[in-house]
Amino acid sequence: MSNMYYTYLDYKGEYNGYKAVYTYILSGKNKNSTKLIDGQILFPEKFSNMQNYIDRFFKISSKMQLAYGAPVETERPRGRDQSKWAEDLSLGNLSLTDYYNVGRNSYYIRLYKSMNSEYPQLDILVSQR
């Protein structure tokens, strides 16, 4: 069993005009041979109106579709009136996800709220396939 070296790189910036926090996870046999294996782009802005999170999700998803084409898979609530999504999100009963496969990378844009969190989380996860 070989030991692997992991390192993390965090920085604040923008993604398509929105404030973002980038986290990259790099791994290798030693600190001189690391390669990017995973990443996350977190959108930290907080809103009092839950609909703002849903609107932001769809704006970012639209920009991703322009860059990567249609998602290979989407997750949306079934049988639930879209006018109720903001209420569902505030209660932690809604998650929205789009999946993209681009080259060797998978991108997941997701919006969800855990039961013990005051605010929803909107992020993009990137991983190598």
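Q: Through how many residues does a hairpin join β2 to β3?
A: The model is predicted: local features need pLDDT of at least 70, side-chain atom pairs count only at pLDDT 80 or more, and totals for chains, interfaces and linings use all residues. Residues are numbered from 1 along each chain as its sequence is written, and side-chain values use heavy atoms, with hydrogens and water left out. Strands are DSSP runs (E, at least two residues), as are helices (H or I, at least four residues), and both are numbered from the N terminus. Seven bridges join the antiparallel strands β2 and β3, and the hairpin leads from β2 to β3 through six residues.

Q: Which residue in the turn between β1 and β2 has a positive phi?
A: Strands β1 and β2 run antiparallel and are joined by eleven bridges; two strands pair if DSSP finds at least two bridges between them. Among the partners in β2, S27 is matched with Y6 and Y24 is matched with L9. These two strands form a hairpin with two residues between them, and the residue in the turn with a positive phi, about 50°, is N16.

Q: Which strands are the edge strands of the sheet?
A: Seven strands form an open sheet with antiparallel pairing, and their order is β1-β2-β3-β7-β6-β5-β4. An edge strand pairs on one side only, and this holds for β1 (5-15) and β4 (73-75).

Q: What angle does the direction of α1 make with that of β5?
A: Angles here run from 0 to 180 degrees between N-to-C directions, with axes fitted as lines to C-alpha atoms, for helices over the stretch in contact. Neighbouring strands of the sheet are turned by 15° against each other on average, direction ignored. Helix α1 packs on the sheet and touches β1, β2, β3, β5, β6 and β7, where contact means heavy atoms within 4.5 Å. The direction of α1 makes with that of β5 an angle of about 15°.

Q: Which element gives the largest share of the largest nonpolar core?
A: A nonpolar core is a set of buried Ala, Val, Leu, Ile, Met, Phe, Trp, Tyr and Cys residues joined through side-chain atoms within 4.5 Å, and buried means under 20% relative accessible area, exposed over 50% and partly exposed in between (1.4 Å probe, protein chains only). The largest such core has 25 residues, and those with the most contacts inside it are Y15, F43, I60 and I124. Elements giving two or more residues to this core include β2, β3, α1 and α2. The largest share, six residues, comes from α1.

Q: Which residue forms a salt bridge with E45?
A: A salt bridge is a side-chain nitrogen of Lys or Arg within 4 Å of a carboxyl oxygen of Asp or Glu, and in this pair the closest N and O atoms are 3.2 Å apart. E45 lies in the loop between β3 and α1 and its partner in helix α1, so the pair ties together parts eleven residues apart in sequence. E45 is partly exposed at 35% relative accessibility, whereas the partner is buried with a relative accessible area of 12%. The partner of E45 is R56.

Q: Why does the salt bridge of D98 and R76 tie together parts of the protein, and how many residues apart are they?
A: The closest N and O atoms of D98 and R76 are 2.8 Å apart. D98 is buried, with a relative accessible area of 0%, while R76 is partly exposed at 26%. Because D98 lies in strand β5 and R76 in the loop between β4 and α2, the pair ties together parts whose separation in sequence is 22 residues.
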